[in-house]
Amino acid sequence: MAHRIITQAVIVGARVFGRAFAEAYRQASASSKYAQSSIGSSGSSTSKNFASSGLTLDEACKILNVKPPQGGKANIEEVMERFKRLFDVNDPSKGGSFYLQSKILRARERIELEVKETEEGAERESELKEGWKPKVWKDR
């Protein structure tokens, strides 16, 4: 009698686990397809979405309560000031939330990434406009 109950419990558990695994796989597959379609349609991997953290530039600016970068220029000092204050306020050892602290960190990283990409793009454009000028150091 006991072996029948144990066998039945193992079979039911395997079915539940199998269904959960299949559903998780379907969701991961759909998420991957959605991410690929959003990257393909926007042309840039970070212009609309930021796949690694899921934050858009708009969300990052709202979290830190700063203005979005205008023309690739952002007040980095203001961003860092807000980041430090919010990061310290949400320190788990002071009774804050680790989740909020990580969101604040990702928001700062997202804004910095946007500014960096814009600066690199402007640098490439100016290099294309002026031509490539290698830096050569001559001994004199």
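1. A residue counts as exposed when its relative accessible area is over 50%, and as buried when that area is under 20%. Asparagine 65 has a relative accessibility of 57%, so it counts as exposed. You will find asparagine 65 in the loop between helix 2 and helix 3. Its backbone deserves a look too: phi of asparagine 65 is near 60 degrees, a positive value in a residue other than glycine. For context, most residues other than glycine have a negative phi.

2. Now a word on what you are looking at. This is a predicted model, with a mean pLDDT of 84 for the chain. Of its residues, 87% reach a pLDDT of 70 or more. Helix 3 has the highest confidence, at a mean of 92, while helix 1 (residues 2–42) has the lowest, at 87. Please read residues 45–51 with care: pLDDT stays under 50 there. The model has 15 contacts beyond four places in sequence for that stretch.

3. The overall layout is quick to learn. The chain has four helices and zero strands, so reading from the N terminus gives α-α-α-α. Buried residues make up 16% of the 140 residues in the chain. If we take contacts between residues at least 6 apart in sequence, 52% of them join residues at least 24 apart.

4. Where should you look for the largest nonpolar core? This core has 12 residues: Leu55, Leu57, Ala60, Cys61, Leu64, Val66, Val79, Phe83, Leu86, Ile104, Ala107 and Ile111. Helix 2 (57–64), helix 3 and helix 4 (98–130) are the elements that give two or more residues to this core. The largest share, four residues, comes from helix 2.

5. Two members of that core are good places to start exploring. Cysteine 61, in helix 2, has a relative accessibility of 4% and therefore counts as buried. Beyond its neighbours within four places in sequence, cysteine 61 is in contact with Val66, Lys67, Pro68, Pro69 and Ile111. Cysteine 61 and arginine 110 are 49 residues apart in sequence, yet their C-alpha atoms are 9.0 Å apart in space. The other one to try is valine 79, which is in contact with Leu64, Val66, Arg108 and Ile111, again leaving aside neighbours within four places in sequence.

6. How many aromatic pairs does a search of the whole structure find? The search finds one. Phenylalanine 83 and phenylalanine 87 form this pair, with 5.2 Å from centre to centre and 35 degrees between the planes, which makes it tilted. Both belong to helix 3 (residues 76–89), and because they are four residues apart, about one helical turn separates them.

7. Is phenylalanine 83 buried or exposed? Phenylalanine 83 is buried, with a relative accessible area of 9%. Its partner, phenylalanine 87, is partly exposed at 26% relative accessibility. Phenylalanine 83 has a further arrangement worth viewing: the charged end of arginine 108 sits over its ring, 4.5 Å from the ring centre.

8. Helix 4 is where several of these threads meet. Helix 4 has 33 residues and reaches 48 Å from its first C-alpha to its last, close to the 48 Å expected at 1.5 Å a residue. The buried residues in helix 4 are Gln101, Ile104, Ala107, Arg108, Arg110, Ile111, Glu114 and Val115. What covers them includes helix 2 and helix 3.

9. Glutamine 101 shows one part of that picture. This residue of helix 4 counts as buried because its relative accessibility is 8%. Apart from its neighbours within four places in sequence, glutamine 101 is in contact with Phe87, Asn90, Asp91 and Pro92. Phenylalanine 87, from the aromatic pair, is thus met again here as a contact of glutamine 101.

10. Finally, follow one of those contacts to asparagine 90, in the loop between helix 3 and helix 4. Unlike asparagine 65, which counts as exposed, asparagine 90 counts as buried, at 13% relative accessibility. Not counting residues up to four places away in sequence, asparagine 90 touches Gly96, Ser97, Leu100, Gln101 and Ile104. Among these, leucine 100 is 10 residues from asparagine 90 in sequence and 6.7 Å from it in space, C-alpha to C-alpha.

Terms used: Residues numbered from 1 in each chain as written. Predicted model: local features only at pLDDT ≥ 70, side-chain atom pairs only at ≥ 80, totals over all residues. Heavy atoms only, no water. Phe/Tyr/Trp six-rings, centres within 6.5 Å; stacked < 30°, edge-to-face > 60°. Buried < 20%, exposed > 50% of the residue type's maximum accessible area, 1.4 Å probe, protein only. Lys NZ or Arg CZ within 6 Å of the ring centre and 35° of its normal. Core = buried A, V, L, I, M, F, W, Y, C linked by side-chain atoms within 4.5 Å. Contact = heavy atoms within 4.5 Å. pLDDT = per-residue confidence, 0-100. Expected span 1.5 Å × (residues − 1).
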